[in-house]
Amino acid sequence: MLRKDTASTYCLVSGTALIVIGAAGFFLPDLSGAVEFDRAHNLFHLIAGALAVYAALSEKEGLATWYAQGSGAVYVLVAIAGYVSPTLWGIGDATGLRLELAEDIFHLIVGGWGLYAGFAQSLLPGGCGGCRG
């Protein structure tokens, strides 16, 4: 059953988008020269998307919040690292992964939204995030 909290919405929407992007990357490996989809990145998007959708639909208390916080932090860090070093300091050369500016922007947006969705409830007046009561 889908909860209507911010973290669950983030997980469902971002997870679906990541699955679509990951699958599309196999069929459209070069999107008008703006973004080059590589296999490693496609697989990561498919796995991250599936985990996000699972977190959104899971009945486990706090899983969507935890996923939003964790993935948000990872995506923001990847956006910054990709902007500074598109090959992630040589790791991309070994794995075939290269991050373009469009991907950095996407990662920054998804990461920022994840951080907001994961921590917003605890920042609201009277909110305590994952408190049980």
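Is Y75 buried or exposed? In this predicted model, Y75 has a relative accessible area of 4%. The cut-off for a buried residue is under 20%, so Y75 is buried.

Y75 belongs to one of the two aromatic pairs that the structure holds. The other pair is taken up before returning to Y75.

That pair is made by Y10 and W113. Their ring centres are 5.1 Å apart and the planes stand at 90°, so the arrangement is edge-to-face. Y10 sits in helix 1, residues 6-27, while W113 sits in helix 5, residues 101-123; the pair therefore ties together parts that are 103 residues apart in sequence. The two partners can also be described by their accessibility. Y10 has 0% relative accessibility and counts as buried, whereas W113, at 31%, counts as partly exposed.

The pair that includes Y75 is completed by F44. It is also edge-to-face, with 6.5 Å from centre to centre and 75° between the planes. Here the link runs from F44 in helix 2 (residues 39-57) to Y75 in helix 3 (residues 63-84), and the two residues are 31 residues apart. F44 has a relative accessibility of 43% and so counts as partly exposed, while Y75 is buried.

Y75 also has a neighbour in helix 5, where L108 is found. Leaving aside residues up to four places away in sequence, L108 touches Y75, V76 and A79. The C-alpha atom of L108 is separated by 8.6 Å from that of G72, although these two residues are 36 residues apart along the chain. With 46% relative accessibility, L108 counts as partly exposed.

Helix 1, which carries Y10, can be followed from its start. There, a side-chain oxygen of D5 reaches to within 3.3 Å of the backbone nitrogen of A7. The helix has 22 residues, and the distance from its first C-alpha to its last is 32 Å, close to the 32 Å expected at 1.5 Å a residue.

Which residues of helix 1 are buried? They are A7, S8, Y10, C11, S14, G15, L18, G22 and G25. Because these residues cover an arc of only 145° around the axis, they lie on the same side of helix 1. The general rule is that an α-helix has 3.6 residues a turn, so residues three or four places apart point the same way. V20 and F27 are exposed on the other side of helix 1. Y10, the partner of W113, is thus among the buried residues of this helix.

Technical notes: Residues numbered from 1 in each chain as written. Predicted model: local features only at pLDDT ≥ 70, side-chain atom pairs only at ≥ 80, totals over all residues. Heavy atoms only, no water. Phe/Tyr/Trp six-rings, centres within 6.5 Å; stacked < 30°, edge-to-face > 60°. Helix = DSSP H or I, 4+ residues; strand = E, 2+ residues; numbered from the N terminus. Buried < 20%, exposed > 50% of the residue type's maximum accessible area, 1.4 Å probe, protein only. Expected span 1.5 Å × (residues − 1). Arc of directions from axis to C-beta. Polar contact = N/O pair within 3.5 Å; in protein donor to acceptor, adjacent residues only side chain to side chain. Contact = heavy atoms within 4.5 Å.
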